[in-house]
Amino acid sequence: MKHSTTIPLTPLATSLGDVDAPPSGPRFKRRFHVMAKPTGSACNLDCKYCFYLHKEQLLEQRRGDFMNDSTLETFVRQYIEGQDGEQIVFSWQGGEPTLMGLDFFRKVVRLQEKYKSAGQRIENNLQTNGTALDDAWCAFLKQHDFLVGLSIDGPRELHDAYRVSRSGKPTFDRVMRGLECIHRHGVAFNALAVINRLNARRPIDVYRFLTREVGATYLQFNPCVEARTFKQVAPQFWDEASIPVVGTERAKPGAADSVVTDWSVDPDDWGYFLSRTFDEWHREDLGRVLVNLFETAVAQTMGMPSQLCITAPFCGKGLAMEHDGRVYSCDHYVYPEYELGDIFSHPLHHVAFSERQKAFGFGKKDTLPKYCLQCPHLNLCWGECPKNRLVRAPDGEPGLNYLCPGIRQFHSHAGPRLRQIARSLHAG
């Protein structure tokens, strides 16, 4: 399964706190992040909502065509050389990166040691469905301080609704066995839940399962939003005439002519999910459990930069690299229209700060509709992810985020307590 949409968060956010900065300028001109996909779209699961499996056809990837040694070494060298920070974070995603096998990641660690400079600190994170994790894997991950992002969508019936094997079988038990191994070896991990049309209606069940039974103290909630045409049409290349107005039947999942897939989260359910989990978090776990969207909401309420690319005014500093070294503007923009080049023709830092990528990053703020610019929550949202701007504002202007009703609902609900938390933190 592949459904990580944002630059990694706490504890990695401290190294990527400049995601709120423009994708250019002297202060952060050499800070960028790459999600590396050594298996491309290949995965051992067949999650019904996955937005990446179809890349095999779209990008003409041959089955079993994984990252080779030359591409790996070129990437590691360029990624380290292209940054000026003391901490460099490598993110390994897919598809399913564990399909590469342990020997690949042993090479990764050796190459990182080979190319890092004195004073540089290398960190790795691995986003996985967890089904392949065993004692050998977890011993390696612990030894080399990998942070694991474990994809798990809630209790058994919610997890298995969409997250199935290639043969259509449920995967919950396999994931939980991987989790047991993570705990046994003391591997640091985050839980990533894709909030879809089903589990969004059971927020407390999801939250309590992840915190009480999974034992996660850091949660990433990623809303599942996919345009109905996502397999063929790149974001921002939609047929503008077909874009519905927010709040109408076509701007929700389930309608025969809906703008989104049937598994996409309903915007109102997204607001309900965030509001209910925020209440539970605030009441029971404030200071103990970190939730990506709540942590950045607190920071932004305090006037600090966003910890997430999706809630920052600019984007473009989180690129995606395929198994063959081709680089794309973003994880959700791996389409031919957004290919920036490859690491054999153009050094990574040149690609990351190319004029084309800077235009992509600045475009997030520059293309907001008036409805957003007049919103009281603008500084906490900034139109969320551009790939979700699938609907029209009430006045008919295109470019509004599909999740807007839910985002507004959440910030109206949580705002007073966010400000209270901010005042407490300011007061020490």
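The following exchange examines how several descriptions of this predicted model are justified.

Trainee: What makes the radius of gyration of the chain agree with that of a compact globule?

Mentor: The rule takes 2.2 Å times the number of residues to the power 0.38. For 428 residues this gives a value near 22 Å, and the chain has 20 Å, which agrees. The C-alpha atoms fill a box of roughly 55 × 50 × 45 Å along the principal axes.

Trainee: How many of the residues of the chain count as buried, and by what cut-off?

Mentor: Buried means under 20% relative accessible area. Of the 428 residues, 62% count as buried. The chain exposes about 16,500 Å², of which carbon and sulfur atoms supply 50%.

Trainee: Why is strand S5 called largely enclosed by the rest of the structure?

Mentor: Strand S5 covers residues 189-195, and 7 of its 7 residues are buried, so the description follows. Both faces are covered: Phe189, Ala191, Ala193 and Ile195 are buried on one side, and Asn190, Leu192 and Val194 are buried on the other.

Trainee: How do you know that S5 pairs with strands S4 and S6?

Mentor: Pairing requires at least two bridges between two strands. Strand S4 (residues 147-151) is joined to S5 by 4 bridges, and the two run parallel. Strand S6 (residues 218-223) is joined to S5 by 5 bridges, also in parallel. Both counts therefore satisfy the requirement of at least two. On the S4 side, Val148 has Phe189 of S5 as its bridge partner; on the S6 side, Ile195 stands opposite Pro223.

Definitions and conventions. Residues numbered from 1 in each chain as written. Predicted model: local features only at pLDDT ≥ 70, side-chain atom pairs only at ≥ 80, totals over all residues. Heavy atoms only, no water. Buried < 20%, exposed > 50% of the residue type's maximum accessible area, 1.4 Å probe, protein only. Areas by Shrake-Rupley, 256 points an atom, 1.4 Å probe, with all protein chains shown as cover.
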